[in-house]
Amino acid sequence: MPPVSEEAVVLRTTDFSETSMVVTFFTQGSGKIACVAKGARRLKNSFDSALDPMNQCKIMVYPKSGGALDLVTEAKLNSRFRVQSLVGIYAGFHVVELIDAFTEMGESQPELFRLMCQTLNEIIREDKKIPRNAKLKSPPEIISRILFRFEFRLMSLLGYAPMLEECIQCGAVMQERPREKNPQRVSFSVLEGGLLCKNCRAGHRQVVSLSIPVIKMMRQLSAENDNLWYRIKLEPKILGELRGMWNLYLANRLERPLNTLKWLKR
């Protein structure tokens with residue numbers, strides 16, 4: 001088959017032989033692909049550092065048939081994932097881990113590719129402003145917000161977006177009364193992915209109680225063409241409540257906990 005030129009991001013690499021490695025890319029045109037990079041493990045090789053995880057590059061791929069791995073022969077670096085803090089490094093790994101975990105081989109998803117590149121570039125830009133010794137267990141709010149935005153948009157693009165306007169069982173529009181002395185809290189089904197009204201709450205498992213401000217923030221983070229999320233801030237109380245629920249939601253959809261969240265609290 002003739003070679004194909006692709007815009008790609010390196011998701012991960014695995015040793016293949018003494019001199020070669022298998023590189024998993026997420027590409028603009030072909031989605032996720034796994035390729036053999038011959039000679040990439042040699043001290044001096046034609047790929048240089050283009051195949052480091054999170055790097056954005058242009059690759060030349062020779063597709064193989066019969067279930068054999070594709071062959072990548074060229075990788076020209078477009079953008080290096082260069083950050084100064086440990087928080088920035090783990091944030092980048094978190095992005096590519098989610099892409100790798102939630103996508104199948106060979107499914108073209110150009111919108112998802114753009115979202116991933118945009119998020120990695122945002123991490124690089126904001127990392128320049130944060131202390132090098134920023135702690136993984138208490139990352140800067142802007143990094144947390146960028147990652148939450150990425151996760152909510154990822155779920156939307158993959159069809160896993162939670163229902164945040166209506167009851168997931170009966171379809172009733174959820175009423176909000178934020179001016180009450182004790183603001184209303186709403187039930188959210190982690191297992192089924194949506195809000196539950198009071199009449200439908202009984203009998204459901206893995207249900208958490210969310211405040212109205214958290215639900216509004218979730219809607220904002222999910223919005224398709226809205227940059228307001230970049231100007232608002234996640235208050236500590238909202239961040240804590242959102243983090244606890246959303247980590248359960250992602251683990252439920254993935255059917256396992258996320259590796260990066262063992263170290264990065266985000």
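Start by selecting Tyr 160, which is partly exposed, with a relative accessible area of 35%. You are looking at a predicted model, so keep that in mind at every stop.

**The ring partner of Tyr 160**

A search of the whole structure finds six aromatic pairs. One of them joins Phe 102 and Tyr 160 in a tilted arrangement, with 6.1 Å from centre to centre and 55 degrees between the planes. Colour by element of secondary structure here: Phe 102 sits in helix α1, whereas Tyr 160 is in the loop between α3 and β6 (163-167), and the two are 58 residues apart, so to speak a link between distant parts of the chain. Phe 102 is buried, at 11% relative accessible area.

**On to Trp 246 and Tyr 249**

Next, select Trp 246 and Tyr 249. Their ring centres are 4.8 Å apart and their planes meet at 15 degrees, so this pair is stacked. The two residues are three apart in helix α5, separated by about one helical turn. Why might such a spacing suit a pair? An α-helix has 3.6 residues a turn, so residues three or four places apart point the same way. Trp 246 is buried with a relative accessible area of 0%, and Tyr 249 is buried with 1%. Add Phe 152 and Phe 188 to the selection, and you have one aromatic cluster made with Trp 246 and Tyr 249.**The rest of helix α5**

Now extend the selection to residues 236-254, helix α5. This helix has 19 residues and reaches 26 Å from its first C-alpha to its last, close to the 27 Å expected at 1.5 Å a residue. Its buried residues include Ile 238, Leu 242, Met 245 and Leu 250. What do the buried residues of α5 pack against? Show α1, α3 (141-158), β7 (185-189), β9 (207-211) and α4 (212-222), and you have the answer. Just after α5 comes Glu 255, whose phi is positive, near 70 degrees.

**Next door: helix α4**

Select α4, which is mostly covered: nine of its 11 residues are buried. Among them are Ile 212, Val 214, Met 217 and Arg 219. To see what covers the buried residues of α4, display elements including α3, β6, β7, β8 (194-196), β9 and α5.

Keep Arg 219 on screen and add Glu 165: the two form a salt bridge, the closest N and O atoms being 3.4 Å apart. Glu 165 lies in strand β6 and Arg 219 in helix α4, so the pair ties together parts that are 54 residues apart in sequence. Glu 165 is partly exposed, with a relative accessible area of 47%.

**More salt bridges**

For another network stop, select Arg 12, Lys 32 and Asp 100, which are joined by salt bridges that share partners. A search of the whole structure finds 10 salt bridges.

Move to helix α3 and pick Arg 145 and Glu 141, which form a salt bridge with their closest N and O atoms 2.7 Å apart. These residues are four apart in α3, separated by about one helical turn. Is Arg 145 buried or exposed? Arg 145 is buried, with a relative accessible area of 3%.

Then select Lys 129 and Glu 126, whose side chains meet in a salt bridge of 3.5 Å, N to O. Lys 129 is exposed, at 60% relative accessible area, whereas Glu 126 counts as buried at 7%.

**Leu 136 and its neighbours**

Select Leu 136, in the loop between α2 (110-127) and α3. Leu 136 is buried, with a relative accessible area of 15%. Which residues does Leu 136 touch, leaving aside those up to four places away in sequence? They are Leu 86, Val 87, Tyr 90, Trp 263, Leu 264, Lys 265 and Arg 266. For a contrast, draw a distance from Leu 136 to Asn 78, 58 residues apart along the chain: their C-alpha atoms are separated by 28 Å.

**Out to the surface**

From that list, follow Leu 86 into helix α1 (residues 86-102). Leu 86 is partly exposed, with a relative accessible area of 43%. Add Ile 89 and Phe 93 and switch on the surface: with Leu 86 they form a nonpolar patch, with about 230 Å² of accessible area together.

**Zooming out**

Finally, show the whole protein as a cartoon. The secondary structure comes to five helices and nine strands, in the sequence pattern β-β-β-β-β-α-α-α-β-β-β-β-α-α. Along its principal axes the C-alpha trace spans about 65 × 45 × 30 Å. Of the 266 residues, 50% count as buried. The accessible surface comes to about 13,600 Å², of which 50% belongs to carbon and sulfur atoms. Among contacts between residues at least 6 apart in sequence, 65% join residues at least 24 apart.

Note on methods: Residues are numbered from 1 along each chain as its sequence is written. This is a predicted model: local features need pLDDT of at least 70, side-chain atom pairs count only at pLDDT 80 or more; totals for chains, interfaces and linings use all residues. Side-chain values use heavy atoms; hydrogens and water are left out. Patches are made of residues with over 30% relative accessible area and no salt bridge: like charges are joined within 9 Å, nonpolar side chains (Val, Leu, Ile, Met, Phe, Trp, Tyr) within 5 Å. Accessible areas come from the Shrake-Rupley method with a 1.4 Å probe; for residues, only the protein chains shown count as cover. A salt bridge is a side-chain nitrogen of Lys or Arg within 4 Å of a carboxyl oxygen of Asp or Glu. Buried means under 20% relative accessible area, exposed over 50%, partly exposed in between (1.4 Å probe, protein chains only). The expected span of a helix is 1.5 Å times one less than its number of residues. Contact means heavy atoms within 4.5 Å. Rings of Phe, Tyr and Trp (its six-membered ring) pair if their centres lie within 6.5 Å; planes under 30 degrees apart count as stacked, over 60 as edge-to-face and the rest as tilted.
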